[in-house]
Amino acid sequence: MEIIIGRKPETNQLKITIGKQAKVCGTENSVPNSVSRTHFSLTAIEGGGFTLKNLNPANETFVNGVSVESKQVTQLDKIELGSSRYVFDWGLIAEVSPVLIDIRPLHKVWSDYHKEKMKIQVQQGRFNAIKSLSGLLSMGAMAAMFLSKEEDGGINLRMVLYGLGALFTLVVLVISFVNASKIPEKQEAIDRKFRKRYICPNPKCGHFMGNQPYDILAQGKACPYCRAQFKAK
């Protein structure tokens with residue numbers, strides 16, 4: 001992440017640019033003309049701190065009183081700009097820098113939600129398969145009617161198959177009636193739990209991230225609501 005610091009010429013205010021976003025800080029005419037429009041940049045480095053780079057040889061950038069073109073710095077270093085030695089306020093970086101949030105815990109939230117939804121679908125599929133058994137019993141009774149003779153117990157076999165089919169159909173009907181209310185309630189409970197947990201980790205945001213899978217969510221760079229930067233790896 002590169003941060004460019006300079007002066008807004010129209011109002012002589014400090015201008016801090018991060019990517020396509022820019023913020024103007026301070027009151028009008030608070031920054032002297034010796035600070036250029038794009039004076040220096042700060043690039044965050046792993047382990048903490050920044051790499052400072054003077055963006056134009058004509059610029060004067062001082063770190064702890066020493067003129068530099070490039071140097072690794074931290075917020076304990078004093079940065080001054082131009083011949084007027086305008087002191088850069090490190091606190092402004094915290095105000096404009098995007099918040100970094102770790103969204104990796106959301107992977108388990110999505111995985112658990114997906115497994116619970118799949119479990120319901122599998123249960124429904126198995127129940128539908130069992131329901132088809134009543135039809136098979138009826139078909140068996142019809143087959144027995146054509147293939148069996150009365151003297152070898154054909155009538156008894158048909159009666160047994162028809163009876164089993166009727167009993168099984170009644171049981172399936174009762175279960176279907178019960179599930180008609182239980183399954184939607186269970187699905188709603190799963191969705192409600194998911195909506196509470198699949199949210200932006202930024203304490204100042206907390207918006208629901210939608211029903212998009214985690215893999216797709218992680219491809220994004222920032223929360224669409226608070227613009228906090230994602231840490232997904």
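In this predicted model, I93 sits in helix α1. With a relative accessibility of 3%, I93 falls under the 20% cut-off and so counts as buried. Setting aside neighbours within four places in sequence, the contacts of I93 are I3, L42, F50 and F88. There is also a long-range relation to I5: the two residues are separated by 88 positions in sequence, yet their C-alpha atoms are 9.8 Å apart.

F88, one of those contacts of I93, turns up again in the largest nonpolar core. That core has 23 residues, and the members touching the most others are L14, L42 and F88. Several elements feed into it, with β1 (2–8), β2, β4 (40–44), β5 (50–54), β9 (79–81) and α1 (91–96) each giving two or more residues. As for F88 itself, its partners beyond four places in sequence are I5, L14, F40, L42, I79 and I93. A second core lies apart from this one; it holds 18 residues, including Y113, Y198, C205 and L217.

Now to the strands. An open sheet is built from six of them, ordered β3-β2-β1-β4-β5-β8, with antiparallel pairing. At the edges are β3 (21–25) and β8 (70–73), each of which pairs on one side only. From one strand to the next, the twist averages 25 degrees. In general, the strands of a sheet are paired through backbone hydrogen bonds, in either a parallel or an antiparallel way. For the antiparallel pair β4 and β5, five bridges do the joining. T43 has its bridge partner in β5, namely T51.

Back on strand β2, which covers residues 13–18, Q13 is worth a look. Its relative accessible area is 12%, which is under 20%, so Q13 is classed as buried despite its polar side chain. That side chain has two polar neighbours to report. One is the side chain of T11, with a polar contact at 2.7 Å. The other is the backbone oxygen of G26, found 2.5 Å from a polar atom of the Q13 side chain. G26 also shows up in the wider contact list of Q13, which leaves out neighbours within four places in sequence and runs to G6, R7, K8, V24, C25, G26, T27, E28, S30 and V31. Among these, V24 and C25 fall within the residue range of the edge strand β3 (21–25), while G6, R7 and K8 fall within that of β1 (2–8). In the sheet order, β2 is placed between β3 and β1.

Note on methods:
Residues are numbered from 1 along each chain as its sequence is written. This is a predicted model: local features need pLDDT of at least 70, side-chain atom pairs count only at pLDDT 80 or more; totals for chains, interfaces and linings use all residues. Side-chain values use heavy atoms; hydrogens and water are left out. Helices (H or I, at least four residues) and strands (E, at least two) are DSSP runs, numbered from the N terminus. Buried means under 20% relative accessible area, exposed over 50%, partly exposed in between (1.4 Å probe, protein chains only). A polar contact is a pair of N or O atoms within 3.5 Å; within protein, one must be able to donate a hydrogen and the other to accept it, and residues adjacent in sequence count only if both atoms are side-chain atoms. Contact means heavy atoms within 4.5 Å. A nonpolar core is a set of buried Ala, Val, Leu, Ile, Met, Phe, Trp, Tyr and Cys residues joined through side-chain atoms within 4.5 Å. Two strands pair if DSSP finds at least two bridges between them. Axes are lines fitted to C-alpha atoms, for helices over the stretch in contact, and angles run from 0 to 180 degrees between N-to-C directions.
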